[in-house]
Amino acid sequence: MRRKIKKGFLYGLSAVMLAAPLAGCASTDHDKTVKTVELLNYKPEAVDVFEEIERRFNETHDDIKLEVSSPNQAMTILKTRLVREDYPEIVGIGGDINYSNFLDAGLFEDISDVEALQEIKQAYLDMDKTLELVPQEGIYAMPFAANAAGILYNKEMFEEHGWKVPHNWDEFISLCKEIEKAGIQPLYAGYKDTWTTLAPWNALAVCVADEDAIARVNSGESTFEEEYSRVADRIKEMMPYIEDNPVAYGYNDAASAFARGQSAMWAIGSYAIPQIRSVNPEMEIGSFVMPAGDDESENNLNSGIDIQFSILKGSENKEEAREVLEFLNSDEIINLYLDAQGGIAAKEGDFPIPEELSDMKEYIDSGRMKDFPDHKYPSEMSVDALIQTYLINDSDTAKEEFLKKFDSDWQRYNRDTIRRIQEYEAKEKSENE
Amino acid sequence: MNKKKKMTGRQKTFAAIMIPALLLFFCFNTYPMIRGFIYGFTNYRGYGDFDWVGLRNYADLFTDPRIWNSYFFTFKYAICGTILVNVLSLLMALALNAKIKAKSFLRGVYFVPNILGGLVIGYIFSFFFTYILPALGQMWHISWIENSILSSKEFAWIGILIVGVWQAVAMTTIIYISGLQTVPDDVYEASKIDGAGKWKEFWDITFPLIIPFVGTNLVLTTKNFLMVFDQILSLTNGGPAQSTESISFLIYQNGLDGGQFGFQSANAVIFFIVIVLLSVFQLTMTSKKEEQL
């Protein structure tokens, strides 16, 4: 072990010494033996665990050097680097609209030959497939960890008052009424930060809206006015149980308020737990699946890919990057990551589920999970702001206005995509005939 | 064609001074602008492949209610802001130019808002509007500030205006103070001998003589207010209900964060033309009113 470190150090030193006089010379002998793989991780909160992963990788590999960077505002930095055509080998990003756009712009390498992919849960591979704007052949990302969103609750408070986790919408509403009667604020929200409106929205939509809603709208068979009618009703029904004037408070305000016991519940994802703990490290937090359905059977857990790895087509050491992917998918590394960051492993196997998510275990084990619908909304459409507008609109026609605007904006912002999907479908059809 | 003369030494010096500046200006201003203009004709997302879409982005600009709202908001904000800032700054400058105690100290204090960063001020005021002001409102039962004004669709822009004006007054006041100091004492003496009151003295002596400064300030403050960005980012983030989205905020938000690089480039081109026209208009208006001693 010691010898290896020493060797690595000598290599490093000699590389530095050689680099100075030979600047401009494309490759020296040492560059040929040690290839560098850069991994850009978009979660700055995971910087410590990624540094540990980097250390462990470099200890065991002589010919490849892994460099991890975890900048703040990683998406903006990544996008500016892409404009300059300066590509890292691997990006660790979420399974969201950015992934869809990068993939659609032809930035990613097909990695179906990576063996580690065989061990990933099919549900997550399927989730990535649904993120493709226009269907593609091949696999372009290796899912790593997933998160879950529903309702966080104050366990101590629930135990003290004997409140039970609700399983359907009626139970949920009567629970809210009961909490209110006890003189406690049932829900808190930080709707000033518009994106937080998407947390309840997504959790509701995976239960009471159809998964194919977007596809149906894109092919012109349906409208969001129909598809999202129930979601819109339910998110508005929650409003009376949220603190007064929620658009005055942001995400941090809500996290602090919930951590200090100012409310019994908060409709947000598991990603908020570290933030709550920073205010109240002792707090016992639980999380249950949004009980949006009329019946328990209608519920689904809102779970999406929190971080996945893709290789960039334009980068230099793509073969070495594949080796890094295999390494990342080892049980050792996954356990290391889950220990530090929580979440759900994307790999098949017996990985621990964080204490806070234990109420969701049934759903996770049986695979009753659906991806965040907003991962498919174009970010420039600002659906979060539309929802915020709807929630503070008290007129009788609020819902109609909201969904009509949703429909017209959707057509406007997705024009190019919709056209290409229709072209693709027409092509498929003519090929089949 | 025989007019080709050699440059004199003097001209060479001028050229040597000017050319680097010209090159820098071209590289960092003109060239990016031309690129932006070209991207305005594409559906470029900021990375990857793109298609040419001709004038579609421009046609879309005029039919997008969100763009119209952002222009309406920005102009409402800029007009109110410019008037308020210039009136307040002129009053402040007159006060700080009068014979008062601790004049330089006060001038320093009033300049502080300009040194602080826009985001810092924004976050401090955000806390003030969200927690302190409503608490005061509840204590004294003033209904319209019992809730944070930043959460009201109708009044959030006033919150941003207050912060913007508070910060902009500093610099404008300094320019007005320097303007007031260019007015020679003898004209004041002359007006006093002719028996002019304070009011008349201001309107007929001071104001006409500082018109060039008024012109400069008007152009500068209008331009700064039209480009309002960091106050919005820190106070409302464009909300509530998209009521405080300014043009630059929208260009940044959707051009860089969202995938509308091409479309927002077209928006930036239009915005640039609007600002140029406005500045030219303001300068010609004020230069007509200028007085020379």
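Let's start inside chain A of this predicted model, at helix α12. The buried residues of α12(A) pack against four other helices of the chain: α8 (169-181), α9 (198-208), α18 (383-391) and α19 (398-413). Which residues of α12 are the buried ones? Along this helix, which covers residues 229-237 of chain A, they are Val231(A), Ala232(A), Arg234(A) and Ile235(A). There's a general pattern worth keeping in mind here: an α-helix has 3.6 residues a turn, so residues three or four places apart point the same way. Note that an arginine, Arg234(A), is on that buried list along with Val231(A), Ala232(A) and Ile235(A).

Now zoom out to the domains. The domain assignment splits chain A into domain 1, made of 34-147 and 305-361, and domain 2, made of 149-303 and 371-422. Their C-alpha centres sit 28 Å apart. Where the two meet, 17 residues of domain 1 of chain A are in contact with 24 residues of domain 2 of chain A. On the domain 1 side, the elements that supply two or more residues are α6 (122-130) and β4 (142-149) of chain A. Sort that same side by class and you get nine nonpolar, four polar and four charged residues.

Next, have a look at a sheet in chain A. This one is open, with four strands in the order β6-β7-β5-β8 and mixed pairing. Why do β6 and β8 each have one side without a neighbour in the sheet? β6 (185-188) and β8 (285-288) of chain A stand at the edges with a single partner strand each, so one side of each is left free of a neighbour there. On average, neighbouring strands of this sheet are turned by 30° against each other, direction ignored.

Elsewhere in the sheet, β5 (residues 151-154) and β7 (residues 263-266) of chain A pair in the antiparallel sense, over two bridges. If you want a spot to click on, try Leu152(A), whose bridge partner in β7(A) is Trp266(A). Lying across β5, β6 and β7 of chain A is helix α13 (residues 251-259), which runs at about 135° to β7(A).

One last stop is the loop between α14 (273-279) and β8 of chain A, where you'll find Pro281(A). Is this proline buried or exposed? Pro281(A) has 8 other C-beta atoms within 10 Å, so it counts as exposed. In sequence, Pro281(A) is 22 residues from Ala259(A), and in space the two are 8.8 Å apart, C-alpha to C-alpha.

Definitions and conventions: Residues numbered from 1 in each chain as written. Chains lettered and ligands numbered in written order. Predicted model: local features only at pLDDT ≥ 70, side-chain atom pairs only at ≥ 80, totals over all residues. Pairing = 2+ DSSP bridges. Axes fitted to C-alpha atoms, helices over the stretch in contact; angles between N-to-C directions. Contact = placed C-beta atoms within 7 Å. Domains from an automatic or database assignment. Nonpolar A, V, L, I, M, F, W, Y, C, P; charged D, E, K, R; others polar. Buried ≥ 20, exposed ≤ 12 C-beta atoms within 10 Å, placed from the backbone.
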